[in-house]
Amino acid sequence: MLVMQLLRGAVKHAGSSPQFSVERLISAARGFSSSSQHLSDFGGTHPPPCTDTEHPKILITGGLGQLGVGLAKLLRRRFGKNNVILSDIRKPPNHVYHNGPFIFSDILDSKNLREIVVNNNISWLIHYSAVLSAVGENNIALAKEVNITGLHNILDIATDHGLRVFVPSTIGAFGPSSPRDPTPELCVQRPRTIYGVSKVHAELMGEYYHHRYGLDFRCLRYPGIISADSNPGGGTTDYAVQIFHTAVKTGCFECNLRSDTLLPMMYIDDCLRATLEFMEVPADSLLSRTYNISAMSFTPHDLVQEMQKVLPELKVTYNVDPLLQAIADGWPMVLEDIAARRDWGWKHEFDLSELVQTMLTHITTSNQRAQAN
């Protein structure tokens, strides 16, 4: 796989003109008060980034959210248990604490975050800390602090220490004026949530840092992610997670979106695998720094019909939340991911039927184990 990626990258770049190398100059606006920041601006050099031949040392921020624990498990299998550090501001469950390194890290505390990077020789930084769409609309001040100020800390530290940094984006980075079926990678982006605005900001800032400072910034626009192991985190697509847990427990579910609301979705295993594969692609093979990835699109009605093949007694009612519905109506219905499939070989494995079978099996088995204990 790696050989093919290198060959594809070599062929693509052979016909293109060399990238312009921007000389790093001293910025008068930055003054001399931040002499420890951005050493390259003052004639210094960044530490060399980790090479593709050695195991990276990885820090995951926001590690107790929907994706962090699962990604840590995948990365530890790939690179070794002690090379992946989970971090968050909350105390982890015992099984998370004992499965590998875990530390407290507040992304709003730049000094502490910098110490973690230096003391642990971090080379990859996976930045999952974020306030999601529905929660963000109810606490805009918190969303600005975490999603924007926290991002700035991450980008500055990653630049200063030569890290490879991953910041996920979202279908929420698009808005009502974006093409919705399908939504291409490059189009109008005018989101109407603070979550979406902050993610557009992250995409543009990361790409600017890449071109201005040479930061190895990488970003994937995730669709709605469905997983059985973690609780929903306040996102608009959370119904597609909640329905499985509620259906197995009670046989009933009240959906807060219209039955015909079509949105892009992905099973968590595909999402985590895509993230790992994307992070391993040699930098020279990437023709972009921000990619769409997708697997399937379905409506609540589609999902219910598929679930009823296994749970024929499942009853679903609809009580539409106006805020969530307005958000969903401004998001893509189908996410176009041609570039990711072309540039670095992205390919999903789970379709709707496989998603439903896997989720119901996993949740049923977990419930049976819990009852047995």
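User: Which residues does Thr-170 touch, not counting those up to four places away in sequence?

Analyst: Contact means heavy atoms within 4.5 Å. By that reading, Thr-170 touches Tyr-195, Lys-199, Arg-221 and Tyr-222, with residues up to four places away in sequence left out. Do keep in mind that this is a predicted model, where local features need pLDDT of at least 70 and side-chain atom pairs count only at pLDDT 80 or more, while totals for chains, interfaces and linings use all residues. Residues are numbered from 1 along each chain as its sequence is written, and side-chain values use heavy atoms, leaving out hydrogens and water.

User: Is Thr-170 buried or exposed?

Analyst: Buried means under 20% relative accessible area, exposed over 50%, and partly exposed in between (1.4 Å probe, protein chains only). Thr-170 has a relative accessible area of 6%, so this residue is buried.

User: How are the strands of the open sheet ordered?

Analyst: Strands of a sheet pair through backbone hydrogen bonds, either parallel or antiparallel. Strands here are DSSP runs (E, at least two residues), numbered from the N terminus, and two of them pair if DSSP finds at least two bridges between them. In this model, three strands form an open sheet in the order 8-10-12, with mixed pairing. Its edge strands, each pairing on one side only, are strand 8 (224–226) and strand 12 (296–298).

User: How many bridges join strand 10 to strand 12?

Analyst: Three bridges join strand 10 (residues 263–267) to strand 12, and the two run antiparallel. Leu-263 has Phe-298 in strand 12 as its bridge partner.

Notes
Helices (H or I, at least four residues) and strands (E, at least two) are DSSP runs, numbered from the N terminus.
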